[in-house]
Amino acid sequence: DLHSFPTRRSSDLEPATEALVQNAPDGGNREQAFAYQQFVLDFLLLSALAARAANQDFPREYWQRLESMLEFIAAMMDSAGHMPMIGDADDGYVASLSPDENFDNFRSLLATGAILFERPDFARKAGCVDDKTRWLTGCTSFDFLQRSGDGIDRTRTSIRAFPQSGYYLLGDRFGTADEVRLLADAGPLGYLSIAAHGHADALSIVLNVGGHEVLVDPGTYAYHTQPQWRAYFRSTRAHNTVMVDEHDQSQQSGNFMWSHHAQARCLHFSNARGQQHFIAEHDGYRSLADPVTHRREIVYDTTSRSFLISDTLACAGAHRVCRHWHFSEVLEPVVAEDRLQVRVGRYLVRIVPLDLPAHARLYHGGSATQGGWVSRGFGCKQPATTVAWYSWIGGTTVLRTRIFCEKRS
């Protein structure tokens, strides 16, 4: 019975142990790469279903971790089904069980999870039962979810903080056409010392408004070929965060190696009604001759639907710093010295510096030392707009930015 929660423990199976070690209790995969979340989850799910069919079920804790991993995916996905492209991605799938050329394995996993764990919230995010889910579960619809009123609240995708993985969500009206969501990254670089699939993205943000991607993580593009582009897409420059003196927060030493890891930590997160608050910092620039600590504070006001981002650069000397803004490739932002603005659906999004940068640069299909690209698939990249705000600082400085999400008729 696919709907019965497993209760019988197996012997100490290595996959069960590693599932708990390599995936955090909050459901995030420790590679810090969202594409590998679906890849690993497929392996774990297929193994669990095969074991169950052979009457060799995995422990309860294993299944609980699978459900947490699905909760993580559901929370990261916006109302239109977009997943942030955080960390490495290579278009890998474990099993191809759907002929649909638009097949989305994140949504498919949620569809399968909706059936296995009786989760209507997963079903809403999935949208429909796809062919892969039909093959794995034998179910052709979510109808039984409306009939399975057992009094248990199985809707837990309202989670906004993922402290072990280091991701935090600010915004409101989640799951609706008027959703505003900002994802802030205060997680580790990647898994263990190699951190193979992580990117130098500490304190970066991703912004989605009304089911549209606005500020994006540009993706991966390549692994072993075109080393200059491999370096770019992993770099701090390729993320919506602050770069100091043209240095990466973490230092690359090979296609899948890092010689120095920035350590990020969340200092405060609150999701109170009316105002939400995130504070985090990292030490990636402490290795400079004049050490710099970057602290980012984000406040979201639900009344004005606006964000205030305060970047504190704590240091003693002079530095050249840059705030990067990477827009979705389908957008055409209007760029001026005192603001950026872009229309997305029924919304006007305005990004306004409260401390005017010394100068701004716009890149669209630039070089690997400039930017202006988004990669939606392995080996593919499309020109997009990147805006770089450069400022000179002397000693500890706070740079402030307001982001307004305004609904227009």
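Among the contacts in the protein chain with a separation of 6 or more, where contact means heavy atoms within 4.5 Å, 68% are between residues 24 or more positions apart. I should say at once that this is a predicted model, in which local features need pLDDT of at least 70 and side-chain atom pairs count only at pLDDT 80 or more, while totals for chains, interfaces and linings use all residues. Residues are numbered from 1 along each chain as its sequence is written, and side-chain values use heavy atoms, with hydrogens and water left out.

The protein chain has 8 helices and 21 strands, taken as DSSP runs (H or I of at least four residues for helices, E of at least two for strands) and numbered from the N terminus. Its radius of gyration, taken over C-alpha atoms, is 21 Å, close to the 22 Å from the globule rule (2.2 Å times the number of residues to the power 0.38) for 409 residues, so the chain is as compact as a globular protein of that length. Of the 409 residues, 56% are buried, meaning under 20% relative accessible area with a 1.4 Å probe, protein chains only.

Let me turn to one local element, strand β18, which covers residues 373-377 and has 4 of its 5 residues buried. Strand β19, residues 380-383, runs antiparallel to β18 and is joined to it by 3 bridges, where pairing requires that DSSP finds at least two bridges between the strands. Within this pair, Trp 373 stands opposite Pro 383 of β19. The two strands form a hairpin with 2 residues between them, and Gly 379 in the turn has a positive phi of about 80 degrees.

Terms used: Buried means under 20% relative accessible area, exposed over 50%, partly exposed in between (1.4 Å probe, protein chains only).
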